[in-house]
Structure formats: structure tokens, C-alpha cells
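Student: I have this structure open beside me and would like to know how its labels are justified. Could you take me through the reasoning?

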Amino acid sequence: MAFSFSPSLVIFDCDGVLVDTEPVANRALARFLGECGYEISYEECRRLFVGRTMQAVQEHVEDALGRPLGSDWPARIRDETLKAFAQGIEPVAGAREVLEALAAREKPCCVASSGRFEKMRFTLGATGLLPLVEDVLFSAEEVAHGKPAPDLFLHAAARMGHAPESCLVIEDSLPGVQAGVAAGMSVIGYAGDPMTDAAALKREGAHVISDMSALLNLISFR
């Protein structure tokens, strides 16, 4: 029998799952960190920080440097990132088709991201996906602990009115997969980006796919 999930709610991460922002965002972050005195390659930046909040990134870098980056640091990096996004970003291949199919089949879904609401609305708006999810956005801004803690996914499920064990999370980052598993949810790891460590996502408990369109074949709509 084909492998499948029967969720009552599908919870999508945003960056790297719905919008193809990770390369742009992490190049901007690596460049900005270098200007702050923390030299890091694009590849290492992605390995360390994908899926984490800017607060977590700031704490990590401050510990490494042994000095504060300043209270305005998160706002400054957000501004730099949005400027980079303004040069052009695209939706993840297949994401629009998946969201439209879920809506057509009346399968509830939402977005739960480590990013702030401002960033989500900007990127989803720039890629034309915002009208499909604008009323069901949840951010780590709303909870005490970001991914890999389960707080955000549990918050999203509660607000949407679904039990955690009936939810399916779609994630592309290790912290995101860990958060979904910790929340007691089923998790699909999206590894469409060549830099995504598919084996690591699988080790943490995700069923891994490399084509977003394949998601529809894994969800039972009965």
C-alpha cells in the first residue's frame, strides 16, 4: 500500500517551503555578519541558521564574539534582507499548485514560520501566494520559544482548532523538523534545494520529498 498521511491540518513553514528565499536571505545574512566582525561562509550560514529566529542567530553570534551586537541589530538585518528580497524572489516550484489543491479539496492549512509577520507578508506577497494563506499566518513572534521548540506548531494547531497528533508539518530545516516531531505531529521534510541535508531531516523523523508537487500524492483526502 502506498505511503500516505491523513492529517486534519497541514502546517507549512514559509522560507524554503513556500517561498524560495533561503539562498537570498543567507547570502545577505552572511555578508552582514561579516560586516559585524563574524566571518562566515554562505554554506556555513545556512547550516547553522536556517530555520532559526533572528534572536537565536543574534545570541549565537554574540556568544562567539563575546560582545553585544546592539538592540537594533535584528531590525538592521531585517532591513538588509528585505532589500535583497526586493531584487526578486520566486515561489518554491509546485507550492502554488499544492495550496490551490488543498483549498479546492477543503483541506485546512496554515503557515507557521520563524520569520516575523512583516517578512512573511512581504515574501508571500512578492511571490503571489499571500492571498492563499493571508488569514492563517503564525509567527515565532507569538510564542516564548522558536524552533526547534514545539511552541509555534502547537500554537498554530490550537488556534486552528486541531489536535497536534492530527497535524502534518512541511519543513525544510533541521530545527523545523525537530519542532514538528517534538509537537507530536507527522513531518514531511522538503529537500528540493540541493543544499538541504535530506539524510539529516530523515534521521530526525521526517518523511523526505524533493518535489513539492509530490505532497499531494502523500495526503489522503478521504
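Tutor: Gladly. Keep in mind that this is a predicted model. A good place to start is Val10, whose bridge partner in β4 is Leu168.

Student: What makes β1 and β4 a pair?

Tutor: Two strands count as paired if at least two bridges are found between them. Strand β1 (residues 9-12) and strand β4 (residues 167-171) are joined by four bridges and run parallel, so they meet that cut-off.

Student: Which strands make up the sheet, and in what order?

Tutor: The open sheet has six strands in the order β3-β2-β1-β4-β5-β6, with parallel pairing.

Student: Why are β3 and β6 called edge strands?

Tutor: β3 (137-139) and β6 (207-209) each pair on one side only. On average, neighbouring strands of the sheet are turned by 25° against each other, direction ignored.

Student: What packs on the sheet?

Tutor: Helix α6 (residues 117-126) does, touching β2 (109-113) and β3, and its direction makes about 140° with that of β3. Helix α8 (residues 151-160) lies across β1, β2, β3 and β4, at about 150° to β2.

Student: How do you know that there are zero disulfides?

Tutor: A disulfide needs two cysteine sulfur atoms within 2.5 Å. For Cys109 the closest cysteine sulfur, in Cys110, is 7.0 Å away, so that is too far for a bond. The sulfur of Cys167 also has Cys110 as its closest, at 7.5 Å, again too far.

Student: Why is Cys167 called buried?

Tutor: Buried means under 20% relative accessible area. Cys167 has 1%, so it counts as buried, and Cys109, at 13%, does too.

Key:
Residues are numbered from 1 along each chain as its sequence is written. This is a predicted model: local features need pLDDT of at least 70, side-chain atom pairs count only at pLDDT 80 or more; totals for chains, interfaces and linings use all residues. Side-chain values use heavy atoms; hydrogens and water are left out. Helices (H or I, at least four residues) and strands (E, at least two) are DSSP runs, numbered from the N terminus. Axes are lines fitted to C-alpha atoms, for helices over the stretch in contact, and angles run from 0 to 180 degrees between N-to-C directions. Contact means heavy atoms within 4.5 Å. Buried means under 20% relative accessible area, exposed over 50%, partly exposed in between (1.4 Å probe, protein chains only).
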